[in-house]
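Q: Please show me how to read a structure like this one. Take the features one at a time.

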Amino acid sequence: MAEAVTPRDEDYSQWYQDVVRNGQLAENSPARGCMIIKPNGMALWENMRDQLDQMFKDTGHENYYFPLFIPERFMEREAEHVEGFAKECAVVTHSRLTQDEEGNLIPDPDSKLGENYIVRPTSETIIWDTYSKWIQSYRDLPLLYNQWANVVRWEMRPRLFLRTAEFLWQEGHTAHATREEAVEEAERMLEVYSTFAEEYMAMPVMQGRKTASERFPGAVDTYCIEAMMQDGKALQAGTSHFLGQNFAKAFDCTFTDENNEETYVWATSWGVSTRLIGGLIMTHSDDQGLVLPPKLAPHQVVIVPLFFDDDQEGPVMEKCERLQEKLEDAGVRVKMDDNHTQSPGWRFSEHELRGVPVRLALGPRDLENDNVEVARRDTQTKEVVPQEGIVDRVLDLLDEVQQGLYDQAQERQEDTTHVVDDYDTFKEVIEEEGGFVWAHWDGTEETEARIQEETSATIRLIPFDREEREEGEDMVTGEPSEGRVLFAQAY
RNA sequence: CGGGGCGUGGCGCAGCUCGGUAGCGCACCUGCUUUGGGAGCAGGAGGUCGCCGGUUCAAAUCCGGCCGCCCCGACCA
């Protein structure tokens, strides 16, 4: 059954679907564009969520919860925000169903709502309406809050985890007395995302700011982290927005400062979603299926006991259970696969498809020699080692895997990042190799749009230190460029 | 919304050109033998062939309409 997963170079998007399915992460749902997140996928998300949540708490944030439904009129308040989200909003118009003459279920005309609700595509509007009530004085600031929630954006072309009509995410919404403080907050949270991506997901990212056309609707500035996938396309993995006073003005949110002057509040918002799982998959997984970094894997180690008759079962299981205990005492997430009905080979493959970083197999032969077989998922290597010191060996191995995955991804990102000066070469690189391309840009939307039109590559980000790098000439127009920006085709 | 492909047991597919009452692999159930890289044999269960209509003695197959899914674009985290 080696063909459980379609090879990447044969059909990349089929490979992706195969990895998601075989990894037991998620499947399509009867509701179009939505996904059913299976226990293995949810456990992965929970690990990501718990880690991020801790990092938010460590930077002074608290959680709260806002409703799923937002009064429709709120969407009209901020002009750019409406424009950005109106065309992908689900709308609730009735409160109950009834049957028509033919017995078909229809929305009950008598239950038409006096005011429509939209299902939140993001929560800025309802939150800023509320903040305007919570904030009076500079003494009320800052507000540093976050919520874990689901949101709905009615998408045309869904892809499990990468783009689904409903997805899980977190959205932080902060309020500040000064512009500087808000900008700092947006930068701080981008840094948190970057640290999380690199240290936990083992996914190297580029940081920068978005161009006006890629900016969050309603933001003054959008910061982002971008990661490079194995097929040469970039993935926006997280965004952090400096919202200026746009939402404060739209929702009349003011405070009285130390000088008794009424001022609009400064805002940020920032979010990452279950899309990160898509990024994780496309960063590390291979033709054998899912590969997960130990820090986030639902199970870091799986123990597969091997026994061939009832006499062997007792001693083998006893040894395996003790091993499990010792590993758990050391803080390792361990799964014991004592499934009697599947052959060892089947179970080995299953855990590989699920991306478990380390597998320990222990049978009668190992019992005799005080050995245990250790296999690592990322390199597909295995060795037989003494049981003595196995816990330390496993702990070291998990660190090695985590680091190895990062190094490999980092190396690939470097190999596929190009510096290009002329447009012909740019087109060639984008079409044939993909990856990131640093090139000069004159700063106009026209040029940006033309490049996208002709190559389908977009400006993924403008580096924060652009001005400090070298100046040059736009590769298309020859106009002056303040510095290179990062291009790529993207998800 | 454009262009392409596809809807047949749980999953993957064949059958359709040339109409004749549905088949294969995997999975599932029972039993025995097995088990260090997706085990073998024997028996068994499971399908109104996406939906609606038409042609016909007879439709998975031909004709018309509709629905859905996947891939490639436009939109997007």
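**Reading the model, step by step**

Q: Is threonine 458 buried or exposed?
A: Threonine 458 counts as buried, because its relative accessibility is 9% and the cut-off for buried is under 20%. Keep in mind that this is a predicted model. Threonine 458 belongs to strand β24. Its side chain makes a polar contact with the side chain of arginine 460, at 2.7 Å.

Q: Which class does glutamate 428 fall into, with 46% relative accessibility?
A: Glutamate 428 is partly exposed, because 46% falls between the 20% and 50% cut-offs. Helix α13, residues 423–432, holds glutamate 428.

Q: How many residues separate glutamate 428 and threonine 455 along the chain?
A: They are 27 residues apart along the chain, and their C-alpha atoms are separated by 9.4 Å. Try the same reading on isoleucine 126 and isoleucine 70. These two are 56 residues apart along the chain, with 6.3 Å between their C-alpha atoms. Isoleucine 126 sits in helix α5, residues 124–134. Isoleucine 126 is buried, because its relative accessibility is 9%.

Q: What span does helix α6 reach?
A: Start with the general idea. An α-helix has 3.6 residues a turn, so residues three or four places apart point the same way. Now the case here. Helix α6 runs over residues 179–200, which makes 22 residues. From first C-alpha to last, α6 reaches 31 Å, close to the 32 Å expected at 1.5 Å a residue.

Q: Which residues of α6 are buried?
A: Among them are Ala182, Val183, Glu185, Ala186, Met189 and Leu190. The buried list goes on to include Tyr193, Phe196, Ala197 and Tyr200.

Q: Where do I find backbone features that stand out?
A: Begin with the rule. Most residues other than glycine have a negative phi, and most peptide bonds are trans. Now look for residues that break it. Alanine 202, which follows α6, has a positive phi near 55°. Aspartate 252 has a positive phi near 50°. Aspartate 252 lies in the loop between α7 and β14. Aspartate 370 also has a positive phi, near 55°. Its place is the loop between α11 and β20. Aspartate 370 is partly exposed, since its relative accessible area is 44%.

Q: Which residues does a cis peptide bond join?
A: Leucine 141 and proline 142, with omega about -5°. Proline 142 lies in the loop between α5 and β9.

Q: How many aromatic pairs does a search of the whole structure find?
A: The search finds 21. Take one of these pairs: tyrosine 223 and phenylalanine 464. Their ring centres are 5.3 Å apart, and 80° lies between the planes. The pair is edge-to-face, because the planes are over 60 degrees apart.

Q: Which parts of the chain does that pair link?
A: Distant parts: tyrosine 223 is in strand β12, and phenylalanine 464 is in the loop between β24 and β25. The two residues are 241 residues apart. Tyrosine 223 is buried, because its relative accessibility is 3%. Phenylalanine 464 is partly exposed, because its relative accessible area is 31%. Aromatic residues can also group: Tyr64, Phe66, Trp128, Tyr131, Trp134 and Tyr145 form one cluster.

Q: Where does the charged end of lysine 233 sit?
A: Over the ring of tyrosine 491, 4.4 Å from its centre. Arginine 469 places its charged end over the ring of tryptophan 438, 5.0 Å from the centre.

Q: Which residues come nearest to RNA strand B?
A: Arg157, Arg275, Phe308, Trp346 and Glu352, out of 38 residues around the strand. Those around the RNA divide into 14 nonpolar, 10 polar and 14 charged.

Q: Which parts of RNA strand B are close to polar side-chain atoms?
A: Check each partner in turn. For glutamine 17, an N or O side-chain atom is 3.0 Å from a phosphate oxygen of RNA strand B. For tryptophan 346, the partner is a base nitrogen, at 2.6 Å. For arginine 359, the partner is a base oxygen, at 2.5 Å. The elements that give two or more residues to this surface are α1, α10, β19 and α11. The largest share, 8 residues, comes from α10. Of the RNA atoms within 4 Å of the protein, 40% belong to sugar or phosphate, and the rest to bases.

Methods
Residues are numbered from 1 along each chain as its sequence is written. Chains are lettered from A and ligands numbered from 1 in the order in which they are written. This is a predicted model: local features need pLDDT of at least 70, side-chain atom pairs count only at pLDDT 80 or more; totals for chains, interfaces and linings use all residues. Side-chain values use heavy atoms; hydrogens and water are left out. A residue is near a molecule or strand if one of its heavy atoms lies within 4 Å of it. A polar contact is a pair of N or O atoms within 3.5 Å; within protein, one must be able to donate a hydrogen and the other to accept it, and residues adjacent in sequence count only if both atoms are side-chain atoms. Helices (H or I, at least four residues) and strands (E, at least two) are DSSP runs, numbered from the N terminus. Ala, Val, Leu, Ile, Met, Phe, Trp, Tyr, Cys and Pro count as nonpolar, Asp, Glu, Lys and Arg as charged, and the others, Gly among them, as polar. The expected span of a helix is 1.5 Å times one less than its number of residues. Buried means under 20% relative accessible area, exposed over 50%, partly exposed in between (1.4 Å probe, protein chains only). Rings of Phe, Tyr and Trp (its six-membered ring) pair if their centres lie within 6.5 Å; planes under 30 degrees apart count as stacked, over 60 as edge-to-face and the rest as tilted. A charge sits over a ring if NZ of Lys or CZ of Arg is within 6 Å of the ring centre and within 35 degrees of the ring normal.
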